[in-house]
Structure formats: C-alpha cells, structure tokens
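Good morning, colleagues. I should like to take you through one structure, beginning at the ligand and moving outwards.

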Amino acid sequence: MINANTDRYPELREAVSALCERFGDEYWRELDDSRDYPEAFVKELTDAGWLSALIPEEYGGTGLGMAEASVILEQINRCGGNAGACHAQMYTMGTILRHGSPEQKNKFLPEIASGQLRLQAFGVTEPNTGSDTTKLRTRAEFKGDYYEIYGEKVWTSRVQHSDLLLLLARTTPLDQVKKKSEGLSVFLVDLRGATGDELEVHPIQTMMNHETNQVFFSGLKVPRENLIGEEGRGFRYILDGMNAERTLIAAECIGDGYWFIDRASAYAGEREVFGRPIGQNQGIQFPIARAYVNLRAADLMRYQAADLFDQGVKSGAEANMAKLLAADASWEAANVALQTHGGYGFARDYDIERKFRETRLYQIAPISTNLILSFVAEHVLNLPRSY
Ligand SMILES: Cc1cc2nc3c(=O)[nH]c(=O)nc-3n(C[C@H](O)[C@H](O)[C@H](O)COP(=O)(O)OP(=O)(O)OC[C@H]3O[C@@H](n4cnc5c(N)ncnc54)[C@H](O)[C@@H]3O)c2cc1C
C-alpha cells in the first residue's frame, strides 16, 4: 500500500485495516454478484466502535474528531471495501446531536452508538424535485400528538437495513412561507412499527451493489416527540449535517483513489509486454503519477475541511471543495487503473471494474459536481445566484 507522507493517524489506520483484511476482495466481489448487504462486515465495524466515532463518549460513542472519522472510512475503501454501505450510521446522528432535545439525545444516541439501533437512512431527495430540495413535496400534517406523513422519496439508501430514518418534510406549504427554505422540518421516523399501508419501500437496482429505494408515505404516523428541533427550521439542520457528510465521502473517494493507484502501480510493474514491464513506458507511468498528484492535493483539502470542522469553524466551502476534488481524483484514478490493466481491467476477478462502478457514484451523490461549483461560485466568489 502506498504511504502518503501526509498520512495521519497511523495506529488508527492499522487497526481499521486489520479488521478490513478479514473481508477481502472475494467478500466484496461475491456481495456485488448477489447484491447482498455486507452484514458481517458492518456488524464487526459496529462492534469495534468505529461507526460511533463521532458520538461523544458521554453517549457511549468513541468521541473522535472528524479527521479521525474520515480516516476510518478512507481506510475501508483503501482496503478495497465500500464504506457507502454504512457510512451514514456515522454522520446521520449528527442532526440529533446538534439539534435534538436532551431527551432525544439520551434516548437515541447510546443505542445508535452501540449499534442496537441503526440510523443510516436519510430521506431528502424526491423524484420530481431532485437537487431543488426546498421544493420537495413530502408533507407532514400536524394532528395533535403526532404528524402524518404523505409523499414520496427516491434514492433513500439503506432503508431496509435501518431502524430509523431521518426525514425532511414540509410542515408549512411553500406558498405560505417568506423564504423557500422555511417551513421544512426534520423527523426521526421509526421504521420498525410501520405497516405496508403507511409506508411502501420499492428497491431500485443500480449499477453497483448499493441498497437504495423509492419510498412512499401514505399517512405514516410520527409521534410529536420525534420532531427534531423546531418545526419549520429543518432545512438549516440538514445543511448543518452536510459538511460532515461531504468531508467523510471525500475521504472515501480518497481511499478509493489510493486503492486504484496501488493496483495500477503494482500491475504496471509486473505486466510485461514487448519484453519489458508496461510501467516502464511513460505513457503508462505519467497518467498514474498525475492521478496520484491530484489525489494527494484532494487529500490535503479533506484534512483542511475536517480540521476546520473539528475546530468548530465554518467548513462549508472546504467540505464542498474536498468532495469535488476527491470525487474527481478517484474517478481519474479509476480510469487510469482500468486503462493500465488493459483487457483485464474488465475482468471481474481483478476488482477494478467493481470499484470503478462504485466510485463513479460520487460525481452525483450526495451532491452533484455542478451543484458544488454553483455553491463555490455563489457563496465563495460572490457571483450572482444562478437558480
Ligand atoms: C445510489 C444513490 C444513492 C443515493 N442515496 C441517497 C440517500 O440516501 N438519501 C437522499 O436523500 N438522496 C440520495 N441520493 C440522491 C442524490 O443525492 C441525488 O441523486 C443527487 O443529489 C442529484 O439529484 P437528482 O438525481 O435528482 O439529479 P437532478 O437534480 O435531476 O440533476 C440532474 C443533473 O443536472 C444537473 N443540474 C441540476 N440543476 C442544475 C443547475 N442549476 N446547474 C447545473 N447543473 C444542474 C445535476 O448536477 C445533475 O448532473 C442517492 C443517489 C444515488 C444515485
């Protein structure tokens, strides 16, 4: 494995790698074939406490910082795994931690930390409104002791492997609010008691092994005490969580990128064509070297975003830039690794094609590259808002 000399937390990396080594290429390849959830891996990761990294010790978590949490997820992907199966367990709880009441924190965080409760589903995106989040149509009607939810979400990942879902829904109609970001609320939905009449889950098949779904709500009841924070301020709460999500996903891309570079370099050194290793040709070397350079730069931005977050300083711009740079760098590294492997890059047994499909997602989710550029243009460069 290539060591970048910016690698921080070597002991943490070693411990996570030791766990990941028990779940090698074959494990992930077989799951990719059967489209199954990596249950055994997620259980071990949870039992070892890695997924509770961001939960403070007073609630039973490991109380680590964002930089360390990012290294945990990076290391999973760097070892050939796919942290996307469970990464949301690490950060979705942040909305409760930052905006929940003391009762909500005491009730949910210890059980999330121990893994007794899985909170790894997050319902924001809708089929008709996509990136235009504030136009979302799912609504929560207040009925006294509870709310009733009506509407539909799409790409709601891991719902079938989650006990709880963090849901963004409209509580005040769009035409009755001053700003379109107002009137949205966040709910912690307990999926365990839901019946098929109130909640329907339709799995979506995707190009990689990722459990994701279309979810229909027809009057699902959510107790009033499961509203997080104040009614109508949910959009702000969700935005607060996005910096963590983007920084952590940037780290996964960096892990993917290093994995591709490792594989490409090893193969280029071994594979002999025309009587010499293909890696002796600069036409092969240079693209690998360039991908590595870009990856290292993205890696620095990940740490900057994580460190600012840990210092409690605004990190929106850095988190977005880290996500964009890292997703681009991992995608570049993926293409380079595929090209370096020639025909074998397409063979299932080399795992390049699997990781290639997996890392492509991050050009689109959880926020697409264009929307990040738009954020930087408007909020960092003060250019006029385009939408
Ligand atoms: C596998 C997978 C898992 C996901 N998991 C979750 C999840 O768990 N929870 C959840 O809430 N969501 C999830 N998502 C949704 C994801 O966040 C969205 O797909 C993403 O935000 C883009 O939204 P969209 O697909 O509706 O694309 P659209 O908003 O329809 O955009 C389509 C394209 O147009 C571009 N575009 C749109 N508007 C503009 C503009 N103004 N300027 C320039 N370009 C523009 C976009 O960049 C994009 O490339 C997941 C998606 C996938 C594919």
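I will treat the ligand shell, then the strands, then the helix packing, and finally two backbone details.

Please keep in mind throughout that this is a predicted model.

Let me begin with the ligand. The shell around the ligand holds 22 residues, of which Gly130, Ser131, Trp155, Ser157 and Ser368 come nearest. Which elements give two or more residues to that shell? They are strand S1, residues 119-123, strand S3, residues 146-157, and helix H12, residues 369-380. As to the chemical character of the shell, 12 of its residues are polar and 10 are nonpolar, while no charged residue is present. In terms of domains, the shell takes at least three residues from domain 2 (119-232) and at least three from domain 3 (236-380).

I turn now to the strands, and I will start from S3, since we have just met it at the ligand. On one side of the pairing list is strand S2, residues 139-142, which runs antiparallel to S3 and is joined to S3 by four bridges. Within that pair, Phe142 stands opposite Tyr147 of S3. The hairpin formed by S2 and S3 has three residues between its strands, and Gly144 there adopts a positive phi, near 105 degrees.

Strand S3 also pairs with strand S7, residues 212-223; this arrangement is antiparallel too, with 10 bridges. Two partnerships may help you to find the register on the screen. Tyr150 has Ser218 of S7 as its bridge partner, and Glu148 faces Lys221 of S7. As a general remark, side chains in a regular strand alternate between the two faces of the sheet.

Strand S7 in turn pairs with strand S6, residues 199-204, through six bridges, and these two strands run antiparallel. In this pair, Pro203 has Asn213 of S7 as its bridge partner.

Next, the helices, with H8 as the point of reference. Helix H8, residues 234-270, packs against helix H10, residues 316-340, at an angle of about 20 degrees, and the two axes are 8 Å apart. Because angles under 35 degrees count as roughly parallel, H8 is roughly parallel to H10. The H8 and H10 crossing is left-handed. Their contact comprises 18 nonpolar, seven polar and four charged residues.

How do the axes of H8 and helix H9, residues 282-310, cross? They cross at roughly 155 degrees and come within 9 Å. That angle is over 145 degrees, so H8 is roughly antiparallel to H9. The crossing of H8 and H9 is left-handed.

I close with two points on the backbone. By way of background, most residues other than glycine have a negative phi, and most peptide bonds are trans. Where, then, is there a cis peptide bond? The bond from Ala365 to Pro366 is cis, and its omega is near -5 degrees. Pro366 belongs to the loop between helix H11, residues 352-360, and H12. The second point concerns Tyr9, a residue other than glycine with a positive phi, near 60 degrees. Tyr9 is located in the segment before helix H1, residues 10-21.

Thank you for your attention.

Note on methods
Residues are numbered from 1 along each chain as its sequence is written. This is a predicted model: local features need pLDDT of at least 70, side-chain atom pairs count only at pLDDT 80 or more; totals for chains, interfaces and linings use all residues. A residue is near a molecule or strand if its C-beta atom, placed from the backbone, lies within 6 Å of it. Ala, Val, Leu, Ile, Met, Phe, Trp, Tyr, Cys and Pro count as nonpolar, Asp, Glu, Lys and Arg as charged, and the others, Gly among them, as polar. Domain bounds come from an automatic or database domain assignment. Two strands pair if DSSP finds at least two bridges between them. Axes are lines fitted to C-alpha atoms, for helices over the stretch in contact, and angles run from 0 to 180 degrees between N-to-C directions. Angles under 35 degrees count as roughly parallel, over 145 as roughly antiparallel, 65 to 115 as roughly perpendicular and the rest as oblique. A crossing is left-handed if the near helix is turned anticlockwise from the far one by less than a right angle, and right-handed if clockwise.
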